[in-house]
Amino acid sequence: MITAEPRRILVLAGAAAHASRTRSVAELVCRDVAAAGGRPVLCDLAEHPLPLLHADPDGANLADVRIQAAEADAMIWVTPCYHGSYSGILKNCLDHLREDALRGKPVGMVAVGASLTAISACEHLRTVARTLGCVTAPTQAVVPSSGLAGGDGDSGAYPRIIRMIGELHALTGVTGLLRQCATADAVSPA
């Protein structure tokens, strides 16, 4: 349950195609963040292409995505599963983000793939998130071809997404206090 002001949650959609299942899932995640009382911000990387790392340090969309990531209370990374891992476009975006803006920030993961084996994309992202100093939500979700809800092919992804959003709200409250303490320690005399 959210007890403070709405959390600002940046949802990064990491598919290169403009019309993709990943974008559809990211939109659903945004709807559910709003339903839980949060303020979702969707950043579809297909619509906001970023330069390759070190190729164009002043890329037009680069400053925007960095600001959005820094201002977000938490993030959800939604990726297609390509060859057993997350997308290159999402990796490029994460390479551009500043570690100091991400340290202690809660992150949730959603993988979109042909089957539940897309879980490997979430596991790889979990490793990247920890390396960047992020705090990962315990629950992650995989959305297979069978969809999100209903029918015999229901993967159980939808309840997992709802649970992950709740975890992000809880983690944001705790990690926000930790980030404030770390900032205070960094500026106070020893």
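In this predicted model, seven salt bridges are counted, and several of them involve residues of helix 1, which spans residues 21-35. Within that helix, the side chains of E27 and R23 meet in a salt bridge with an N to O distance of 2.7 Å, the two residues being four apart in sequence, or about one turn of the helix. The partners differ in exposure, since E27 is partly exposed, with a relative accessible area of 39%, whereas R23 counts as buried at 17%. R23 also forms a salt bridge with E47, where the closest N and O atoms are 2.9 Å apart. Because R23 belongs to helix 1 while E47 sits in the loop between strand 2 and helix 2, this pair ties together parts that are 24 residues apart in sequence. E47 itself is partly exposed, at 42% relative accessibility, and R23, E27, D44 and E47 are linked in a network of salt bridges.

Another salt bridge is found in helix 3, where the side chains of K91 and D95 come to 2.6 Å, N to O. These residues are four apart in helix 3 and are therefore separated by about one helical turn. K91 is partly exposed at 34% relative accessibility, and D95 is likewise partly exposed at 33%.

The protein as a whole comprises six helices and six strands, arranged along the sequence in the pattern β-α-β-α-β-α-α-β-α-β-β-α. Of its 190 residues, 47% are buried. Among contacts between residues at least 6 apart in sequence, 79% join residues that are at least 24 apart. The accessible surface comes to about 9,100 Å², and carbon and sulfur atoms account for 58% of that area.

Strand 3 (74-80) is mostly covered, with seven of its seven residues buried. A74, I76, V78 and P80 point one way from the strand and M75, W77 and T79 point the other way, and all of these residues are buried. This arrangement can be compared with a general pattern: in a regular strand, the side chains alternate between the two faces of the sheet. Strand 3 runs parallel to strand 1, to which it is joined by five bridges, and A74 of strand 3 is the bridge partner of I9. Strand 3 also pairs in the parallel sense with strand 4 (residues 106-112), over six bridges, and here M75 has V107 as its bridge partner.

Helix 2, covering residues 60-71, contains the buried residues L62, V65, Q68 and A69. Viewed down the helix axis, the buried residues fall within an arc of 135°, so they line one face of the helix. They pack against strand 1, strand 2, strand 3, helix 3 and helix 4. Q68 is buried, with a relative accessible area of 12%, and beyond its neighbours up to four places away in sequence this residue touches R8, L10, V41 and C43. Although Q68 and I9 are 59 residues apart in sequence, their C-alpha atoms are 9.4 Å apart in space.

The structure holds zero disulfides. C43, which is touched by Q68, is buried at 3% relative accessibility, but its sulfur lies 6.1 Å from the closest cysteine sulfur, that of C93, and this distance is too far for a bond. C81 is also in no disulfide, the nearest cysteine sulfur being that of C122, 8.6 Å away, and C81 counts as partly exposed at 22% relative accessibility.

Definitions and conventions: Residues are numbered from 1 along each chain as its sequence is written. This is a predicted model: local features need pLDDT of at least 70, side-chain atom pairs count only at pLDDT 80 or more; totals for chains, interfaces and linings use all residues. Side-chain values use heavy atoms; hydrogens and water are left out. Buried means under 20% relative accessible area, exposed over 50%, partly exposed in between (1.4 Å probe, protein chains only). Contact means heavy atoms within 4.5 Å. Accessible areas come from the Shrake-Rupley method with a 1.4 Å probe; for residues, only the protein chains shown count as cover. The arc is that of the directions from the helix axis to the C-beta atoms. A disulfide is a pair of cysteine sulfur atoms within 2.5 Å. Two strands pair if DSSP finds at least two bridges between them. A salt bridge is a side-chain nitrogen of Lys or Arg within 4 Å of a carboxyl oxygen of Asp or Glu.
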